[in-house]
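Reader: I'm new to this one and would like a close look at a single part rather than a quick tour. Could you pick out the core and the strands around it, and walk me through them?

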Amino acid sequence: MSNMASFDDVNRLFDRMSRNVGRLDWGDIEGMRGSGIDIDVAEYDDEVVVVADLPGFEREHIDVTVREGVISIAAERTMEADERDDSRAYVRRERRAESLRRSITLPAEVRGEDASATYSNGVLTVTFPVVHAAEGAEGRRIDVN
């Protein structure tokens with residue numbers, strides 16, 4: 001008995017994967033690649049609340065946008081660590097830039113122009129009012145308070 005899959009087995013697996021691709025949330029796929037942003041989404045009667053963990057970032061380095069039912073969160077920072085020796089130039093100087101981005105589809109139709117966002121203790125909270133009427137397809141930047 002061979003441990004290798006037959007050509008037909010591989011084709012069936014590929015067909016199953018292809019059928020399921022349309023059902024995937026691309027934000028979740030991005031998260032599996034290690035975006036570094038953990039997100040919770042809660043849907044209530046009148047609002048959708050998105051909570052994202054962004055520890056160590058400054059409010060002004062966080063960008064939140066919503067367009068066509070998809071929220072996108074981006075954050076960037078540069079960190080430096082120095083070790084100095086008084087008798088010489090730098091013994092070691094390390095710099096690291098970090099850029100995180102995550103997009104996720106919202107579970108309901110929301111009114112982006114009435115959204116609010118707060119950032120406190122490394123946690124970003126974005127609240128969207130839910131609407132029942134169709135909204136325009138224009139994107140909107142959301143200020144983080």
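**A close look at the core**

Author: Sure, and a word on confidence before we start. This is a predicted model, with a mean pLDDT of 77 for the protein, and 61% of the residues reach 70 or more. Over residues 20-34 the pLDDT drops below 50, and this stretch has 14 contacts in the model beyond near neighbours in sequence.

Now the general layout. The protein has 2 helices and 8 strands, and reading along the sequence you get α-α-β-β-β-β-β-β-β-β. Of its 145 residues, 27% are buried. If you take the contacts with a separation of 6 or more, 58% of them link residues 24 or more positions apart. On the outside, the protein exposes about 10400 Å², with carbon and sulfur atoms supplying 46% of that.

On to the part you asked about. In soluble globular proteins, nonpolar side chains tend to be buried together. Here, the largest nonpolar core has 27 residues, and L54, I73, L124 and F128 are those with the most contacts inside it. Two or more residues come from each of these elements: β2 (47-53), β3 (62-67), β4 (70-83), β5 (92-105), β6 (116-120) and β7 (123-129).

Let's zoom in on L54. Not counting residues up to four places away in sequence, L54 touches I37, I62, I73, A75, L100, Y119, G122 and L124. Two names in that list, I73 and L124, are also among the residues with the most contacts inside the core.

Next, follow β6. This strand has two faces: A117 and Y119 are on the covered one, while S116, T118 and S120 are on the uncovered one. Y119, on the covered face, is one of the residues that L54 touches. β6 runs antiparallel to β7, and 5 bridges join the two. Within that pairing, S120 stands opposite V123 of β7. The hairpin they form has 2 residues between the strands, and N121 takes a positive phi near 50 degrees there.

β7 has another partner as well: 7 bridges join it to β2, again running antiparallel. In this pairing V49 sits opposite T127 of β7.

What about a polar residue in one of these strands? S72 is a good one to look at, and it lies in β4. S72 counts as buried because its relative accessibility is 16%, and the cut-off for buried is under 20%. The side chain of S72 makes a polar contact with the side chain of S103, at 2.8 Å. Leaving aside neighbours within four places in sequence, S72 is in contact with D63, V64, T65, R102 and S103.

R102 also takes us to a loop. G36 lies between α2 (26-32) and β1 (38-43). G36 and R102 are 66 residues apart in sequence, yet their C-alpha atoms are 8.5 Å apart in space. Is G36 buried or exposed? At 51% relative accessibility, G36 counts as exposed, since the cut-off for that is over 50%. Setting aside residues within four places in sequence, G36 is in contact with D53 and L100. L100 brings us back to where we began, as L54 touches L100 too.

How values were computed
Residues are numbered from 1 along each chain as its sequence is written. This is a predicted model: local features need pLDDT of at least 70, side-chain atom pairs count only at pLDDT 80 or more; totals for chains, interfaces and linings use all residues. Side-chain values use heavy atoms; hydrogens and water are left out. pLDDT is the predictor's confidence in each residue, from 0 to 100. Contact means heavy atoms within 4.5 Å. A nonpolar core is a set of buried Ala, Val, Leu, Ile, Met, Phe, Trp, Tyr and Cys residues joined through side-chain atoms within 4.5 Å. Buried means under 20% relative accessible area, exposed over 50%, partly exposed in between (1.4 Å probe, protein chains only). Helices (H or I, at least four residues) and strands (E, at least two) are DSSP runs, numbered from the N terminus. Two strands pair if DSSP finds at least two bridges between them. A polar contact is a pair of N or O atoms within 3.5 Å; within protein, one must be able to donate a hydrogen and the other to accept it, and residues adjacent in sequence count only if both atoms are side-chain atoms. Accessible areas come from the Shrake-Rupley method with a 1.4 Å probe; for residues, only the protein chains shown count as cover.
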